[in-house]
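Got your viewer open and a selection tool ready? Here is a short walk through one structure, stop by stop.

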Amino acid sequence: MRTIVVSNRKGGSAKTTTAVNLATELAKKYSVLLIDFDTQGHASIGVGSVPSDDSGAHSIFFGKTLSENFVPTVLDKLTLAPAHALFDVYEYSDLRGVLKNRFKKEKISDFFDYCIIDTAPTFDALLKNSLEVADVVVIPFVPHHLGVIAVGQMVRAVYQMSTQMGANIEHVGMLPVMYNPHINEHKESVAKVESAFGKSKVFKPIGTDIKLSQQFESGEPIVLMHKRTKGMKDYTRFCKELLKRIE
Ligand SMILES: Nc1ncnc2c1ncn2[C@@H]1O[C@H](COP(=O)(O)OP(=O)(O)OP(=O)(O)O)[C@@H](O)[C@H]1O
Ligand SMILES: [Mg+2]
């Protein structure tokens, strides 16, 4: 099993949109677990479920197993561990290694080919738990000045986790989102990320597509829609590009 964490400390950078479409696209062929580790629960909504008030992925932090929280989704091969909407990370003092321990004890890797984790825009114990199990980190970013700064901050967090906490992250890739090739700032921002981290680390961009917002209302990820849209094509292409890099 390869675990792909979708993360950026900056809010509204299409983490959830990316996690949902990546998980669904992979689940057309592979067995996939999507963990919604953001208590907002938006990834759960994106695959036709709802965040729960009294159970969900976060209940591993108070002694539950991960798998008892699994629920089915819009696709047979896609299993969801939904968010626990009322989980409060500040009520717990030491949450280190809990997800890693669950993965090991429940032999999660025997049941899935891929695990996708959607994370919240904070650098807290939940993000650290996710990075502890990550093989791959995808950092979606909006191509403007603060977006570029946020990529640097996220890369530093990944590096810190690798050196101080022994995380074993093999690949880090940056995905420009809501990209418009006619806007100079967008082109320049992507060029800055490419020159800072290497061209090979930056994926082809995802354009702006209103259907990517509307998919959350319908509970149907865009990569499953019958009518081909720009957002769908972009995310399908991204998934292929990602697999090529990490396989
Ligand atoms: N390529 C796109 N084109 C148009 N709208 C988009 C695109 N990607 C994401 N959006 C919209 O932008 C908003 C933010 O996206 P999303 O919720 O995926 O970001 P996020 O990083 O998960 O946010 P948060 O930090 O709150 O978790 C949403 O309303 C989403 O529908
Ligand atoms: Mg989100």
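What follows is a tour of a predicted model, with something to select at each stop.

**Stop 1: ligand 1.** Start by selecting ligand 1 and the residues around it. There are 19 of them, and the ones that come nearest are Gly11, Lys15, Thr16, Thr17 and Ser213. Helix 1 and helix 7 are the elements that give two or more residues to this shell. Which of them gives the most? That's helix 1, with three residues. Now try colouring the shell by class: you should get six nonpolar, 10 polar and three charged residues.

**Stop 2: helix 8.** Next, select residues 230-246, which make up helix 8. If you like a quick sanity check, put a distance between the C-alpha atoms at its two ends: they are 24 Å apart, which agrees with the 24 Å that 17 residues should span at 1.5 Å a residue.

Now pick out the buried residues of helix 8: Gly231, Met232, Asp234, Tyr235, Phe238, Cys239 and Leu242. Turn the view so you look down the axis, and you'll find them within an arc of 160°, so they line one face of the helix. An α-helix has 3.6 residues a turn, so residues three or four places apart point the same way. What sits on the face turned away from the buried side? There you'll find Lys240 and Lys244, both exposed.

Keep the buried residues of helix 8 selected and show their neighbours. They pack against helix 1 (15-26), strand 7 (171-176) and helix 7 (210-218). Helix 1 and helix 7 are familiar from the ligand 1 shell, so keep them on screen if you like.

**Stop 3: strand 7.** From helix 8, hop over to strand 7, one of its packing partners. Is this strand mostly covered or mostly open? Mostly covered: five of its six residues are buried. Add strand 6 (residues 136-141) to the selection, and you'll see the two strands run parallel, joined by six bridges. For one pairing to zoom in on, take Ile139, whose bridge partner in strand 7 is Met174.

**Stop 4: helix 3.** Last, select residues 98-105, helix 3, where the buried residues are Val98, Leu99 and Arg102. They sit on the same side of helix 3, because they cover an arc of only 95° around its axis. What do they pack against? Select helix 4 (125-133) and you have the partner. Before you leave, click on Lys107, which follows helix 3: its phi is positive, near 50°.

Technical notes
Residues are numbered from 1 along each chain as its sequence is written. Chains are lettered from A and ligands numbered from 1 in the order in which they are written. This is a predicted model: local features need pLDDT of at least 70, side-chain atom pairs count only at pLDDT 80 or more; totals for chains, interfaces and linings use all residues. A residue is buried if 20 or more other C-beta atoms lie within 10 Å of its own, exposed if 12 or fewer, and partly exposed in between; C-beta atoms are placed from the backbone. Helices (H or I, at least four residues) and strands (E, at least two) are DSSP runs, numbered from the N terminus. The arc is that of the directions from the helix axis to the C-beta atoms. Two residues are in contact if their C-beta atoms, placed from the backbone, lie within 7 Å. The expected span of a helix is 1.5 Å times one less than its number of residues. A residue is near a molecule or strand if its C-beta atom, placed from the backbone, lies within 6 Å of it. Ala, Val, Leu, Ile, Met, Phe, Trp, Tyr, Cys and Pro count as nonpolar, Asp, Glu, Lys and Arg as charged, and the others, Gly among them, as polar. Two strands pair if DSSP finds at least two bridges between them.
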